[in-house]
Amino acid sequence: MPVSHTALGLIVGLVLGVSAAFGGFVAFLIVLVLGALGLLIGRVLDGQLDLDGLTGRGRSGSNL
């Protein structure tokens with residue numbers, strides 16, 4: 001059963017966070033941020049999150 005990019009990104013982000021900072025409240029925050037970042041990257045790769053509005057490549061008809 002293949003793993004989605006979202007799940008893989010979340011797992012990788014969490015593992016990197018735990019590896020980078022082990023122990024304490026600061027480590028918890030680092031793991032939380034890296035896990036969220038991995039989740040966002042995975043969602044973009046899965047096509048479940050559209051970042052065109054942020055990058056300026058959105059709809060060309062609404063140039064206000």
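This passage walks through the fold, the second helix and a surface patch of a predicted model.

Starting with the overall picture, the chain has 3 helices and 0 strands, so there is no sheet to worry about by the strand definition used here. Read from the N terminus, the elements go α-α-α. Not much of the chain is tucked away: 16% of its 64 residues count as buried. The exposed surface of the chain comes to about 5,200 Å², with carbon and sulfur atoms supplying 70% of that area.

Helix H2 takes up residues 24-46, which makes 23 residues. From its first C-alpha to its last, H2 reaches 33 Å, close to the 33 Å expected at 1.5 Å a residue. Its buried residues are Ala27, Val31, Gly35, Gly38 and Gly42, and these pack against H1. The general geometry helps here: an α-helix has 3.6 residues a turn, so residues three or four places apart point the same way. Just after H2 comes Gly47, with a positive phi near 80°.

Over on H1, which covers residues 5-20, sits Val12. Is Val12 exposed, buried or partly exposed? With a relative accessibility of 42%, Val12 counts as partly exposed, because that value falls between the 20% limit for buried and the 50% limit for exposed. Val12 also belongs to a nonpolar patch on the surface, where its partners are Val3, Leu8 and Leu16. Together, the four residues of this patch have about 360 Å² of accessible area.

Key:
Residues numbered from 1 in each chain as written. Predicted model: local features only at pLDDT ≥ 70, side-chain atom pairs only at ≥ 80, totals over all residues. Heavy atoms only, no water. Patch = residues over 30% accessible without salt bridge, like charges linked within 9 Å, V, L, I, M, F, W, Y side chains within 5 Å. Areas by Shrake-Rupley, 256 points an atom, 1.4 Å probe, with all protein chains shown as cover. Salt bridge = Lys/Arg side-chain N within 4 Å of Asp/Glu carboxyl O. Helix = DSSP H or I, 4+ residues; strand = E, 2+ residues; numbered from the N terminus. Buried < 20%, exposed > 50% of the residue type's maximum accessible area, 1.4 Å probe, protein only. Expected span 1.5 Å × (residues − 1). Contact = heavy atoms within 4.5 Å.
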